[in-house]
Amino acid sequence: MGVISFSASEADEKLLEKACKAAGAKNRSQAIRRAIGALVNQLEPLEKLSGTQTVVITLSVACSSPPTNAAAHELSQMTRFNSSLHTNGGCVQVLVLEGEAAALRQAFRKLSRLKHVKKAGIMAV
């Protein structure tokens, strides 16, 4: 097994320790391997899509006025539904997009990499 090294803030290190205990992981390495597996499981079906598809994208945004609106506006040709729910200190945005699989993959990557996005999810329907 190879070794991968990375830096983490003290806050992230504490979150990792808490997640290890909650998930019953033996150690941090096991927890990180599980997290990588979960990420691959989420993205793998997306990579297999072809042709015209419909996807639901969910974004958890860490601010009251989501910066995702401008990016979502750029996707207006593909957007079938776009709604936001403001919560204490954040926002949940749900988009339903329809288009060619490659364009949907690109849209998800762009949205999930925006500065204030804490979590992003995608599901083909």
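**Pocket first.** I went straight for the largest pocket, and it holds about 660 Å³ of space. Worth keeping in mind: I'm working from a predicted model here.

Next I looked up what lines that pocket. I got 19 lining residues, and Phe6, Leu16, Arg28, Ser29 and Ile32 are the ones lying nearest the centre. Then I asked which elements give two or more residues to the lining. The answer was α1 (10-23) and α2 (28-48). Of the elements, α2 gives the most, with seven residues.

**Fold.** I counted four helices and four strands in the protein chain. Reading from the N terminus, I wrote the order down as α-α-β-α-β-β-α-β. So much for the layout; on to the overall dimensions. I put a box around the C-alpha atoms along the principal axes, and it came out at roughly 45 × 35 × 20 Å.

**Contacts and burial.** I checked how the chain's contacts split by sequence separation. Taking those with a separation of 6 or more, I found that 64% are between residues 24 or more positions apart. For burial, I noted that 29% of the chain's 125 residues are buried.

**Surface.** I looked up the exposed area of the protein chain and got about 8,500 Å². Carbon and sulfur atoms supply 55% of that area.

**Charges.** How many positive and negative side chains does the protein chain have? I tallied 16 positive and 9 negative. I also looked at where the two sets sit, and their centres lie 5 Å apart.

Notes
Residues numbered from 1 in each chain as written. Predicted model: local features only at pLDDT ≥ 70, side-chain atom pairs only at ≥ 80, totals over all residues. Heavy atoms only, no water. Buried < 20%, exposed > 50% of the residue type's maximum accessible area, 1.4 Å probe, protein only. Contact = heavy atoms within 4.5 Å. Areas by Shrake-Rupley, 256 points an atom, 1.4 Å probe, with all protein chains shown as cover. Lys, Arg positive; Asp, Glu negative; His and termini not counted. Charge placed at Lys NZ, Arg CZ, Asp CG, Glu CD. 1 Å grid on protein atoms, 1.4 Å probe; cavity = no way out; pocket = protein on both sides within 12 Å on 5 of 7 lines; lining within 4 Å. Points joined across faces, edges and corners; volume = space filled by probe spheres on them.
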